[in-house]
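Please open the structure in your viewer and set the display to a cartoon representation. Side chains may be switched on at each stop.

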Amino acid sequence: MASDHSVRGEEVISNKQVILKDYVSGFPRESNLYLTTSNIKLKVPEEESGKDAVLVKNLYLSCDPFMRGRMQRDLPPGEPEQSSYSLGSPIVGYGVARVVDSRHSDFKKGDLVWGRTISWEEYSLITTPEYLFKINHTDDIPLSYYTGILGMPGIAAYFCFFDIGSPKEGDRVFVSSASGAVGQLVGQFAKLIGCYVVGSAGSKEKVELLKTKFGFDDAFNYKEEHDLDAALKRYFPEGIDIYFENVGGKMLDAVLLNMRYHGRIALCGMISQYNLEQPESVENLIAVLFKHIRMEGFSVAEYYDQYSQVLGFCSALY
């Protein structure tokens, strides 16, 4: 893209941005966002505000479920990546980018990076580059993989499954929203270590994909099941050892009735609840007590410093 003009010898360029106009209640609407164009200098500011900052040109942007939560007002206190977006600013997520300019010692012009704090715009000035990772494997691995198996979904699938799920060969594993970016990886990781794996999804096409491409032992369309408890008993007559939770609500309630003693529930997401103004209640939590179930939430940010484990494990599979 050619530059639009220069200011004091510094190149200035137009920058398309996706801006959050209004906080979301219920299902997101196109009117909650708008597209605009601003100008940006292709140089990190010399002022204190630019200390350690990195300016990048965005190549790939990832649309992930957690972003829906950040589109609502007054989120409960938590980690920065779960705070509400600012109205009038670009929405922020994960992506892949090329460094245009840098005042950070770990990054130089031309470096390829992936990470969080990449805004939905053509160019981003990143002032918290501690959430950026340099991409060193560029010859034989597509850059888009860093929005999937080698990026945030890979970290979530690997650590949430192995650390919280504590799987072992022969375990019976159920994955909800199994055709999503994280769920499909969890199922494949589980199969690699010898687990029996069943996934749920929302269409016949996705169910077929799970069974024919991703290697799940079986899968079902939850929209066709009028009794989720009965469906789970059909696929897990001896109960579930590990539930990888992406859905919440009625599915979680049914799973609790079908967990085995000392089962593990890895809470990665609850997509069925994100657009509800009044979240559904979970009625079978007493099963956690009586069956000695371990149920634990997960955040990718807690595992950034262990990313090399994911990179080594997943790169070896490619």
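The tour below visits a sheet, a helix and a loop residue in turn.

The model is a predicted one.

**The sheet.** Begin by selecting the open sheet of five strands, whose order is 7-4-5-6-8 and whose pairing is antiparallel. Its edges are formed by strand 7 (123-126) and strand 8, each of which pairs on one side only. Direction ignored, neighbouring strands of this sheet are turned by 40° against each other on average.

Next, restrict the selection to strand 4 (residues 54-62) and strand 5 (residues 92-102), which pair in the antiparallel sense over eight bridges. Show Ser62 here, and its bridge partner in strand 5, Tyr94, can be displayed beside it.

**Helix 8.** Now select residues 307-315, which make up helix 8, and highlight its buried residues: Tyr307, Val310, Leu311 and Cys314. These residues lie on the same side of helix 8, because they cover an arc of only 100° around the axis. The spacing has a general background: an α-helix has 3.6 residues a turn, so residues three or four places apart point the same way.

To see what covers these buried residues, add strand 6 (112-119), strand 8 (132-134), helix 2 (152-164) and helix 3 (183-192), which are among the covering elements.

**Ser176.** Finally, move to the loop between strand 9 (172-175) and helix 3, and select Ser176. Is Ser176 buried or exposed? With a relative accessible area of 0%, Ser176 is buried. Display Tyr243 as well: a polar contact of 3.0 Å joins the side chains of Ser176 and Tyr243. Beyond four places away in sequence, the residues that Ser176 touches also include Ser200, Phe244, Glu245, Asn246, Val247 and Met251.

Definitions and conventions
Residues are numbered from 1 along each chain as its sequence is written. This is a predicted model: local features need pLDDT of at least 70, side-chain atom pairs count only at pLDDT 80 or more; totals for chains, interfaces and linings use all residues. Side-chain values use heavy atoms; hydrogens and water are left out. Buried means under 20% relative accessible area, exposed over 50%, partly exposed in between (1.4 Å probe, protein chains only). Helices (H or I, at least four residues) and strands (E, at least two) are DSSP runs, numbered from the N terminus. The arc is that of the directions from the helix axis to the C-beta atoms. Contact means heavy atoms within 4.5 Å. Two strands pair if DSSP finds at least two bridges between them. Axes are lines fitted to C-alpha atoms, for helices over the stretch in contact, and angles run from 0 to 180 degrees between N-to-C directions. A polar contact is a pair of N or O atoms within 3.5 Å; within protein, one must be able to donate a hydrogen and the other to accept it, and residues adjacent in sequence count only if both atoms are side-chain atoms.
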